[in-house]
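User: I'm new to this one and would like to go through it step by step. Could you show it to me before I start asking things?

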Amino acid sequence: MEATSPAPVVANEPREVADGVHVVPDGHVALVPNVGIVLGNRAALVVDTGMGPRNGAIVRGHAERLAAGRRLFLTLTHFHPEHGYGAQAFAGGAVTVYNRAQLDELRAKGAGYLELFKTFGDSVAAQLDGVDLVEPDVVYDGTAELDLGGTRVLLRDWGLAHTRGDQTVFLPEQRVLFTGDLVEERCFAIFPWFPPDDVDVDGHRWIEVLEELERLEPVVVVPGHGDAGGPEVIAAAREYLELLRDETERLAGEGHTEDEVAAELDRSFRALHPDWAQPEWIDFGARCFYTAYARRATARG
Ligand SMILES: [Zn+2]
């Protein structure tokens, strides 16, 4: 993290992207997620909290103002710190809902990620000061439906892709989809591929998940990071992953080493998408696909 990076603070006002569906935009600030606030007649759902208790309190303030007395629910798209480590700010004020894979991953890795992120610079460490990892009130397996009163919300755990338990939040009537980090907009896919400590990311499965998300035919797509848009936001994310996979396999098939493939693709994808954020993740993604390719080649003999 560069010293000049803006502090990871939820700083924007909520914007209504569909009837009763509000997004607090990330403002293209690293380690700030897009936050959702969905209003039904009786209840409201908050999607992601930002990083740390102070961001969580900002999000809770927006949610309580918009909800105007409605009961609050909180869910997280996955266990990563900038998405969910503000959950403690909702204690006593919301019913929290996680999927089981996400909870298991939080229990297994949450403390380690907290320490890792604290090394990303003073402004990040400041937001992570005093974080408690929060257990949910409700845990579901596979899928869950919330009825906010006239507004149905479908929660779904997609299994291993960007993490072990990526969850989407889909409003089938409004056709609004919150993707978490399964989709980023003008930002390279985040591959938390840190062997041997963490290899819980699967690029091939991730592409399949994005194909399934496209089949939901969402009208409004709210990515984990970047601007909300239409279905083209998912298509662009999928096309990047497909090209990263294909180019990795082409170069690996020509006999290049993992380091050579990663260096070549880092160069070529930065040139292809000069306006995309977080190009440092190209290298991790190439290594993830390379490892999968090498494993299959070994299995074939
Ligand atoms: Zn993430």
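User: How many positive and negative side chains does the chain have, and how far apart do the centres of the two sets lie?
Analyst: Keep in mind that we're looking at a predicted model. The chain carries 27 positive side chains and 50 negative ones. Take the centre of each set, and the distance between them is 4 Å.

User: What radius of gyration does the chain have, and what would a compact globule have?
Analyst: The chain has 301 residues, and a compact globule with that many would come out near 19 Å. The C-alpha trace spans about 60 × 40 × 35 Å along its principal axes. The radius of gyration of the chain agrees with the globule value, as it is 19 Å.

User: What share of the residues counts as buried?
Analyst: Let's start with the fold: there are eight helices and twelve strands. Residues 24 or more positions apart make up 67% of the contacts with a separation of 6 or more. As for the 301 residues themselves, the share counted as buried is 56%.

User: Which helices help cover the buried residues of H8?
Analyst: H8 runs over residues 280-300 and reaches 32 Å from its first C-alpha to its last, close to the 30 Å expected. Its buried residues include Trp281, Phe289 and Tyr293. What covers the buried residues of H8 includes H5, H6 and H7.

User: Is Val124 buried or exposed?
Analyst: Val124 sits in helix H4, residues 122-128. Met51 is 73 residues away from Val124 in sequence, yet their C-alpha atoms are 8.6 Å apart. The relative accessible area of Val124 is 0%, and the cut-off for buried is under 20%, so Val124 is buried.

User: Asp48 and Ala68 both have a positive phi without being glycine. Why does Asp48 count as buried, and why does Ala68 count as exposed?
Analyst: Asp48, with phi about 75°, lies in the loop between S4 and H1. Ala68, with phi about 50°, is in the loop between H1 and S5. Buried means under 20% relative accessible area and exposed means over 50%. Asp48 therefore counts as buried at 2%, while Ala68 counts as exposed at 62%.

User: What is omega for the peptide bond from Pro195 to Pro196?
Analyst: Pro196 belongs to the loop between strand S11 and H5. The bond leading from Pro195 into Pro196 is cis. Its omega is near 5°.

Definitions and conventions: Residues are numbered from 1 along each chain as its sequence is written. This is a predicted model: local features need pLDDT of at least 70, side-chain atom pairs count only at pLDDT 80 or more; totals for chains, interfaces and linings use all residues. Side-chain values use heavy atoms; hydrogens and water are left out. Helices (H or I, at least four residues) and strands (E, at least two) are DSSP runs, numbered from the N terminus. The expected span of a helix is 1.5 Å times one less than its number of residues. Buried means under 20% relative accessible area, exposed over 50%, partly exposed in between (1.4 Å probe, protein chains only). Contact means heavy atoms within 4.5 Å. The radius of gyration is taken over C-alpha atoms; the globule rule is 2.2 Å times the number of residues to the power 0.38. Lys and Arg count as positive and Asp and Glu as negative; His and the chain ends are not counted. The place of a charge is taken as NZ of Lys, CZ of Arg, CG of Asp or CD of Glu.
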